[in-house]
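This report introduces a reader to selected side-chain features of one protein model. The sequence and structure are shown first, and the description follows.

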Amino acid sequence: MGNLFTMRKLEFEAQPKNQRPIIGILSQDSSEKFAKYGKSYIASSYVKYIESAGARVVPIRIDLSKEELESLFNSINGVLFPGGGASLSDSGYLRTAKMIYDLAIQANDKKDIFPMWGTCLGFELLNVLASGLKTEELLVSCDAENYSIPLEFTGGCFGCFGNRMFGFAPEEVLKTLKQQAVAFNMHKKCVPIEKFWATSSLAGFFDVLSTNKDKNGLRFISTIEGKKYPIYGTQWHPEKFQFEWEPKEAISHSTDAIVVGQYMANFFVKQARQSTHHFPSEEEEEKALIYQYNPLDTSKESTFEQCYFF
């Protein structure tokens, strides 16, 4: 325990190698109502979330070829798999994410640090990919839509000492997450705790930092981090506190919730600062950035305030 804590502390305090981190955010297949705007989209809240922590964003389109994706992978410093409604059985989101995931595992095995983060659908995606199971073999239906709750930290969190995500978080962040109903859930599928522990490929790959119960009492995994790899996931939405304002959604916009959201963004971007990937030239970097696109107001037809379309 002491050796693990010391190792995590040194990792947390490691000096950043990269002062200009760039995070790739995977787009996902447009729903029928979004098809008129483009083949895929990214909710702008994820872009703002990453930018708030001092990183820039490159969109990862789901129609990139393998060669284009490999080139982009070698130019960015981490990837965020966002939430949404894409299929985890057959979609551009799934196919492209699988290629990114495989590249990241290969890179990290070579000590080429490359972090990944999954939120909501992205969280479920990481569990599916790590397990090697089909979506229907792992995920179950649950009732956790429009649902803000405190996190129930687990023994795997070591009281939140020893893990990367929360081991050195400010006390105010931990207190808010433990005591206040701020972890906003918006999902119909869950990774049930029994299925997680019964799947050796998952139990050996991720530490479970928190679990929760849905509205009917089903216990599900809510926060994870890789044991060996810099891979992180939250079934809940840390980006919505600051950047989504749908009045029908039970999103906390309290000062405490904003501090939590900012901490989570800062944590992931700090992980990405350990990556030394970079674009071949400043011109190619500028061409790839999200700045080449303009978000559209989608607040009247979705729960997202704005979206980028591709």
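At 17% relative accessibility, aspartate 207 counts as buried, because burial requires a value under 20%. The model discussed here is predicted. Aspartate 207 belongs to strand S10, which covers residues 206–213. Its side chain is in polar contact with the side chain of lysine 227, at 2.7 Å.

Aromatic rings are a second topic. Across the whole structure, a search finds 16 aromatic pairs. One of them joins tyrosine 293 and phenylalanine 310 in an edge-to-face arrangement, with 4.8 Å from centre to centre and 75° between the planes. This pair links distant parts of the chain, as its two residues are 17 residues apart. Tyrosine 293 lies in the loop between helix H12 (282–288) and strand S13 (296–297), whereas phenylalanine 310 lies in the segment after strand S14 (306–309).

The accessibility of the residues considered so far is set out below.

| Residue | Relative accessibility | Class |
|---|---|---|
| Aspartate 207 | 17% | buried |
| Tyrosine 293 | 29% | partly exposed |
| Phenylalanine 310 | 16% | buried |

Within the aromatic pair, phenylalanine 310 is therefore classed as buried at 16%, while tyrosine 293 is classed as partly exposed at 29%, because that class lies between the limits of 20% and 50%.

Ring pairs also build a cluster, whose members are Phe34, Tyr37, Tyr41, Phe304 and Phe309. Phenylalanine 34 has a further partner: the charged end of lysine 33 sits over the ring of phenylalanine 34, 6.0 Å from the ring centre.

Conventions: Residues are numbered from 1 along each chain as its sequence is written. This is a predicted model: local features need pLDDT of at least 70, side-chain atom pairs count only at pLDDT 80 or more; totals for chains, interfaces and linings use all residues. Side-chain values use heavy atoms; hydrogens and water are left out. Rings of Phe, Tyr and Trp (its six-membered ring) pair if their centres lie within 6.5 Å; planes under 30 degrees apart count as stacked, over 60 as edge-to-face and the rest as tilted. Helices (H or I, at least four residues) and strands (E, at least two) are DSSP runs, numbered from the N terminus. Buried means under 20% relative accessible area, exposed over 50%, partly exposed in between (1.4 Å probe, protein chains only). A charge sits over a ring if NZ of Lys or CZ of Arg is within 6 Å of the ring centre and within 35 degrees of the ring normal. A polar contact is a pair of N or O atoms within 3.5 Å; within protein, one must be able to donate a hydrogen and the other to accept it, and residues adjacent in sequence count only if both atoms are side-chain atoms.
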